[in-house]
Amino acid sequence: MFELIGIPPQALFGQLLLGLINGAFYAMLSLGLAVIFGLLNVINFTHGAQYMMGAFGAWMLLNYAGIPFWGALVLSPIIVAIIGMVIERTLLKRLYHLDHLYGLLLTFGLALILEGLFRRQYGSSGLPYNNPLPGGTNLGFMFLPNYRAFVVVASLVVCLATWFVIERTKLGSYLRAATERPDLVQAFGIDVPRMITLTYGFGVGLAALAGVLAAPAYQVSPTMGSNLIIVVFAVVVIGGMGSIMGAIVTGFGLGVVEGLTKVFYPEASSTVIFVIMAIVLMVKPAGLFGTAK
């Protein structure tokens with residue numbers, strides 16, 4: 001079959017693996033966006049900068065404090081999530097009752113500020129981060145690097161665990177209820193503002209976790225978030241704004257589609273996701289998994 005289409009199996013499966021890697025990051029970032037928008041109704045344009053901060057957090061923990069990757073995988077998302085909660089308490093909470101445009105403009109401005117601060121301190125060129133899982137496995141038809149396999153599995157576990165908590169647990173039902181009837185949830189003795197702050201922090205933590213996972217796979221750079229955020233927003237729109245399962249499925253799926261496009265028609269690989277977004281919006285404006293309001 002491969003001789004008929006003229007593509008060696010190593011090239012095909014190699015691009016599929018790269019597509020899954022990209023899809024893993026798309027899924028985690030779009031999941032964080034979906035959590036924040038679906039539960040807080042905020043379009044968080046700072047998400048790309050918080051992804052970048054997660055990667056830089058891992059780099060700084062290693063170089064300044066000697067904390068290796070596995071420690072940074074826990075600490076960096078927590079630190080960035082705390083910073084995000086401070087932003088939510090001091091700035092974002094003032095905009096919840098206003099039009100979405102105000103939140104978008106504020107978070108876009110914050111993203112530019114954060115990127116500018118890191119660029120001023122560390123420059124625009126990337127900083128290397130050592131691979132914590134060197135080596136790989138020869139599968140016969142391709143070579144599977146250990147770390148890339150770990151990224152795909154870890155992302156899938158985190159995404160499915162998040163979906164389960166939000167959609168299948170009592171805590172998730174409280175979160176969803178707080179977005180619709182905060183007065184009713186407050187009547188049951190639940191601190192809704194604190195719940196909103198923690199939810200935003202969790203969404204930010206997902207972005208930072210993706211950044212830590214990306215640090216060994218790509219160079220740590222101040223622009224790594226801004227280069228990715230537009231694609232991630234397209235993924236969220238295709239899956240459906242606020243849809244948790246939509247973010248997961250479309251994230252992985254579009255990563256694979258992008259990888260296959262690089263094999264068969266490389267010139268379209270950078271635009272295929274946006275072409276799919278345009279088609280989906282024409283057929284189903286609410287997204288594949290979204291519901292019209």
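Start by selecting helix H6, residues 146-168, in this predicted model. H6 holds 23 residues and spans 32 Å from its first C-alpha to its last, close to the 33 Å expected at 1.5 Å a residue.

Stay on H6 and show the side chains of Tyr 147, Val 151, Val 152, Ala 154, Ser 155, Cys 159, Thr 162 and Ile 166, which are buried. An α-helix has 3.6 residues a turn, so residues three or four places apart point the same way. Val 151, Ser 155, Cys 159, Thr 162 and Ile 166 are among the buried positions to view down the helix axis.

Next, turn to the aromatic rings. The whole structure contains 13 aromatic pairs. Select Trp 59 and Tyr 64: their ring centres lie 5.8 Å apart and their planes meet at 80 degrees, so this pair is edge-to-face. Trp 59 is buried, at 12% relative accessible area, whereas Tyr 64 is exposed, at 55%.

Keep Trp 59 selected and add Tyr 122. Here the ring centres are 5.5 Å apart with the planes at 80 degrees, which is over the 60 degrees required, so the pair counts as edge-to-face. Trp 59 belongs to helix H3 (residues 47-65) and Tyr 122 to helix H5 (residues 100-122), so the contact ties together parts 63 residues apart in sequence. Tyr 122 has 18% relative accessibility and is buried, because the cut-off is under 20%.

Finally, add Phe 56 and Phe 118 to the selection. Together with Trp 59, Tyr 64 and Tyr 122, these residues form a cluster linked by ring pairs.

Note on methods. Residues are numbered from 1 along each chain as its sequence is written. This is a predicted model: local features need pLDDT of at least 70, side-chain atom pairs count only at pLDDT 80 or more; totals for chains, interfaces and linings use all residues. Side-chain values use heavy atoms; hydrogens and water are left out. Rings of Phe, Tyr and Trp (its six-membered ring) pair if their centres lie within 6.5 Å; planes under 30 degrees apart count as stacked, over 60 as edge-to-face and the rest as tilted. Buried means under 20% relative accessible area, exposed over 50%, partly exposed in between (1.4 Å probe, protein chains only). Helices (H or I, at least four residues) and strands (E, at least two) are DSSP runs, numbered from the N terminus. The expected span of a helix is 1.5 Å times one less than its number of residues.
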